[in-house]
Amino acid sequence: MSKVWNFFAGPCMLPEQVMEKAQSEFRDFEGTGTGIVEMSHRSKEFMKVAQDAEALLRELLHIPSNYRVLFEQGGGRGQFAAIPLNLLPEGGHADYFVTGHWSRCAYKECAERYGEAILHECSELNKDGLWEVDYSKMKVTPGSSYAYMCLNETVNGIESFEYPETGDVPLIVDMSSDIMTRPIDVSRFGAIIFGLQKNVGPAGMTITIVREDLLGKARKYCPSVLDWSVLNKFESMYNTPCTFSWYMGGLNFKWIKSLGGVEELEKRNIAKSKMLYTYLENEDFYQLKIAAKDRSRVNVVFTLKDESLNDEFIAQAKAHNIIGIKGHKVLGGMRASIYNAMPIEGVEVLIAYLKEFAAAHK
């Protein structure tokens, strides 16, 4: 079978080495005679898997000792609720720095259900008709309990490479799609949340990295499975966790370390995205709508100049073993997600197809 290049935004492509390792241990994990997916989360074998995964994550992201790492269920949308339930007191308010679709969803979840959320529209069209992030609008209001932003908007193809200064107000960030793609200073944030299904593993689990002084503030009616202090107390095993996702995350962390860590992956991601954006910038058959400084390294969003060709473009891409290129239903257009597992060869294949399609339809 010919190689299929998977550009889906998530669940998405995973490293071949990780998939092969998981396949070899699926029915017999390390000679136990038990498959990893049927192993008790309380067994000594799985407890080691869990502990090793956390230790590797701490090492790769240089997580300070005063931060807790929680392996949770519920996905990103679950955390849209967990954040105000854990950090927003009754009668309090929070600031939401909205740069795209997912930060807007987080804002709505808080504003419509849990309390006052102050909306800061932080992306706008510039003089060239391109969307860009305006960091000057990211200012906390007096008495705010926390500020929230999504560092990479997968739908819009916008990535924030700057962080607002929030003083004593904890900055909470969603890094579901750009975690492990570039080094970060964890100490800049009160909490970092991310789903595994982009750069860490299969769907089904979310990781929260939270500063320990922010624990113990949950509302009384916060569900126990969303209460960060409860999860911390029970070492993320208050209920049965997504053991397979946790295991796969650990394998992925080992793979990242073997490559040279997050620092090496950033170099690769810069090279891949630069190659693709350079082509798209210089071919008027396609259009980019994000200012260069804010273009996502991992979700390259573009449109065809003649959008009546969209269906043919997607069908022909599939015929070339390129899948997942269709844009999100909210915005339409096209989107190539080039996360950590996508090698530069895949980007080269995509560019070759883009050239071929453009030449055939000019």
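I began with the second largest pocket, where about 290 Å³ of space lies. A pocket here is an open set of points on a 1 Å grid over the protein atoms alone, where a 1.4 Å probe fits, with protein on both sides within 12 Å along at least five of seven lines. The volume is the space filled by probe spheres set on the points.

A note to self: this is a predicted model, and local features need pLDDT of at least 70, while side-chain atom pairs count only at pLDDT 80 or more and totals for linings use all residues. Residues are numbered from 1 along each chain, and side-chain values use heavy atoms, without hydrogens and water.

Next I looked up the lining (residues with an atom within 4 Å of a point). The second largest pocket has 17 lining residues, with Trp102, Thr154, Ser176, Gln197 and Lys198 nearest its centre.

I then turned to the largest pocket, with a volume of about 450 Å³. Its lining counts 23 residues, and Gly100, His101, Trp131, Asn156 and Leu331 lie nearest the centre. Helix α4 gives the largest share, five residues.

Last came helix α7, residues 262–281, a DSSP run of H or I with at least four residues. α7 reaches 28 Å from first C-alpha to last, close to the 28 Å expected at 1.5 Å times one less than its number of residues. Which residues of α7 are buried (under 20% relative accessible area, 1.4 Å probe, protein chains only)? I found Val262, Leu265, Asn269, Lys272, Ser273, Leu276, Tyr277, Tyr279 and Leu280. They cover an arc of only 160° around the axis, so they sit on the same side of α7.

How values were computed. Helix = DSSP H or I, 4+ residues; strand = E, 2+ residues; numbered from the N terminus. Buried < 20%, exposed > 50% of the residue type's maximum accessible area, 1.4 Å probe, protein only. Arc of directions from axis to C-beta.
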